[in-house]
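The following questions and answers ask how the terms used to describe a protein structure are justified. Each answer sets a value against a definition and draws a conclusion.

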Amino acid sequence: MNATTAEQASAPVTEDALRSVLLAGERPSSPGPVLTSLTFGWRALLKIKHVPEQLVDVTMFPIMFTLMFTYLFGGALAGSTQEYLQFLLPGILVQANVMITMNTGITLNTDIQKGVFDRFRSLPVWRPSPLVGALLGDLVRYSIGSAIVITLGLVLGFRPEGGAVGVVLSVVLLLVFSFCLSWLWTMLSLILRTPNSVAGVSMMVMFPLTFVSNIFVDPKTMPGWMQAVVEVNPITHLATVVRGLMHGSVPAGEIGWVLVSSVLLVAVFGPITMVLYRNKK
Amino acid sequence: MGKFAIETRGLKKSFGTTHAVAGVDLAVSAGGVYGVLGPNGAGKTTTIRMLATLLRPDAGEAQVLGYDVVRDAQAVRSRVGLTGQFASVDEDLTGVENLLLLARLLGYSRRRGRQRATDLLDAFGLAEAADRQVKKYSGGMHRRIDIAASLVVTPELIFLDEPTTGLDPRSRNQVWEIVRGMVAEGTTVLLTTQYLDEADQLADRIAVIDHGKVIAEGSSGELKASVGAGSLHVRLRAPEQRAEAERVLAGVLEVPAEPSADPAALSARISDPERVARALAELFRSGIDVTEFALGQPSLDEVFLTLTGHAAEETPEEDAA
């Protein structure tokens, strides 16, 4: 209803106005990749402003997981929930972050369905910038998610021995990894047809990836073959690093592992994503 | 090169076993409106998407403003605008945010970009809706912001993919006015449409495409001449007189009259409008009561029937690919 009244009220398209606006158009020089990526990042932030519901996953997931797993497993696994929280919270932080990276793929797929995608692809800008920009915007979401987990943890009694520096460093590393992992979802979203199928497949990858790791329990009690899987899972190394940094140790070798796997994720899925993006029907 | 704004030779694109575009040759002069007319699934959108560098041709060549769409894709992108079902705006953002986003991406400073966005919204009658999310716009407003989004940097050439499909007549007229305004300022417009009427109203030259091929090309007058003047539709008071009316019409018009689905109606293709008056008089003289008659412009169906021998059937899924 609103739209109709506004349309009637709005001035008709006048030839003079159209002429002046067409003549006035300048042809500025093309901005560089950093600026275009940041501009697409600004778009992601505007979308958060207009559709705050999309923050549900970054707020609810972490809260739910922290409460559920602390009180579900705490007594049984570590003797007390307080004890377990010291072990679990860094892991939950990793899981919550990794989980909400899935949204990247779903958002991109929605863009493709909705039709703004071809507009972006038809612009004379650095080709990966719409994707990089979306991921930069997602870093804001990941930061919000991390802040929520850490705050809730502190309220529940989590005491990081590594202090503020350790916590901040671990979050930075986590953001780097999440940014790199997101290229897996952008790739999927260019292959699969609907946002629903993207969500479905992402879940299928995500569950084993986060659960078959050392996030919840020490892998010592697992059968040998599973320990082997846990050992190669990059999430395991990430959780070890986050745990270490938060509790005051600097696991240099493990940090190296995380950085190498981050680079590998981008090196593999980044180019595949861009080929798919260029040839998208 | 240089003579044509768009030139293609043997352009081809297949999706699986569907030959969406099966060898399109176009030569579009700079300035004016070039219409690409065809039913759903004819390959219009696929052709435009190749010309706008969104889709790589399987075979053939295409040059847009003198640049190859594959080798010089970025040069093409910086000179053309694209508006269509798939090149829309972000519905979650407001009108002004959408235009500012594009202005920034195209190199405007923040301040000049905002000015440009405001000017465009004013020119397109969207000033009052500037701060409203595009998803709350009406169909006509939505189409106008789509077109405005293609004009942030005034393009030398603009592709309009079915710009009036689904619009009410008033909004459609507004889009037509915009197209005419752009042409007056020297922009070349390539427009696809399913409506002969629209091509007729706007286009200087028209290519009719079907099954991925150009089956006719010419000015609207030339195409119409090939189709005939249209058809006469007559509705009788008494359905039982239809056989008699068929005979009378066929006699005067010298073409067979065809019964319509309505048992009291029939129609006949006409080549010479002057015979219509005589045909109606003849019906009256034979004591056949006519309750309604109409002289129809040739429809897209008739163009297709004449040019291809088959009707313009609906195969929507192909064009969506």
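**Reasoning from values to terms**

Q: Which residues of α3(B) are buried?
A: The model considered here is a predicted one. In α3(B), the buried residues are Gly95(B), Val96(B), Glu97(B), Asn98(B), Leu99(B), Leu100(B), Leu101(B), Leu102(B), Ala103(B), Arg104(B) and Leu105(B).

Q: What makes helix α3 of chain B mostly covered?
A: A residue counts as buried if 20 or more other C-beta atoms lie within 10 Å of its own. In this helix, residues 95–105, 11 of 11 residues are buried, and the helix is mostly covered. The cover over these buried residues includes α3 (33–50) of chain A, as well as α4 (110–123) and α5 (139–149) of chain B.

Q: What follows α3(B)?
A: Gly107(B) follows α3(B), and its phi is positive, near 105°.

Q: What makes a set of residues a nonpolar core, and how many residues does the largest one have?
A: The members must be buried residues of the kinds Ala, Val, Leu, Ile, Met, Phe, Trp, Tyr and Cys, joined through C-beta atoms within 7 Å. The largest such core has 142 residues, and Val64(B), Leu99(B) and Leu120(B) have the most contacts inside it. Helix α5 (residues 81–114) of chain A supplies the largest share of this core, 16 residues. Apart from it lies another core, of 14 residues, including Leu232(B), Val248(B), Val276(B) and Ala279(B).

Q: Which residues does Leu99(B) touch, not counting residues up to four places away in sequence?
A: Leu99(B) touches Ala117(B), Leu120(B), Leu121(B), Ala148(B), Ala149(B) and Val152(B), when residues up to four places away in sequence are not counted.

Q: Why is α2(A) called roughly antiparallel to α4(B)?
A: The axes of helix α2 (residues 15–24) of chain A and α4(B) come within 8 Å and cross at roughly 155°. Angles over 145 degrees count as roughly antiparallel, and α2(A) is therefore roughly antiparallel to α4(B). The crossing is left-handed. Ala17(A), Leu18(A), Val21(A) and Ala24(A) of α2(A) make the contact with Asp119(B), Leu120(B), Asp122(B) and Ala123(B) of α4(B). By class, the residues of this contact are 6 nonpolar, no polar and 2 charged.

Q: Why are α2(A) and α6(B) called oblique to each other?
A: These two helices pack at an angle of about 45°, with their axes 10 Å apart. Angles under 35 degrees count as roughly parallel, and 65 to 115 as roughly perpendicular. The angle of about 45° is in neither range, and α2(A) and α6(B) are therefore oblique to each other. Here α2(A) passes α6(B) in a right-handed crossing. The contact joins Glu15(A), Leu18(A), Arg19(A) and Leu22(A) of α2(A) with Ile178(B), Gly181(B) and Met182(B) of α6(B).

Q: How many residues of chain B are in contact with chain A?
A: Two residues are in contact if their C-beta atoms lie within 7 Å. There are 53 residues of chain B in contact with 43 residues of chain A. The largest share of the side of chain B that touches chain A, 5 residues, comes from α6(B). That side divides into 27 nonpolar, 13 polar and 13 charged residues.

Conventions. Residues numbered from 1 in each chain as written. Chains lettered and ligands numbered in written order. Predicted model: local features only at pLDDT ≥ 70, side-chain atom pairs only at ≥ 80, totals over all residues. Buried ≥ 20, exposed ≤ 12 C-beta atoms within 10 Å, placed from the backbone. Helix = DSSP H or I, 4+ residues; strand = E, 2+ residues; numbered from the N terminus. Axes fitted to C-alpha atoms, helices over the stretch in contact; angles between N-to-C directions. Left-handed = near helix turned anticlockwise from the far one by under 90°. Nonpolar A, V, L, I, M, F, W, Y, C, P; charged D, E, K, R; others polar.
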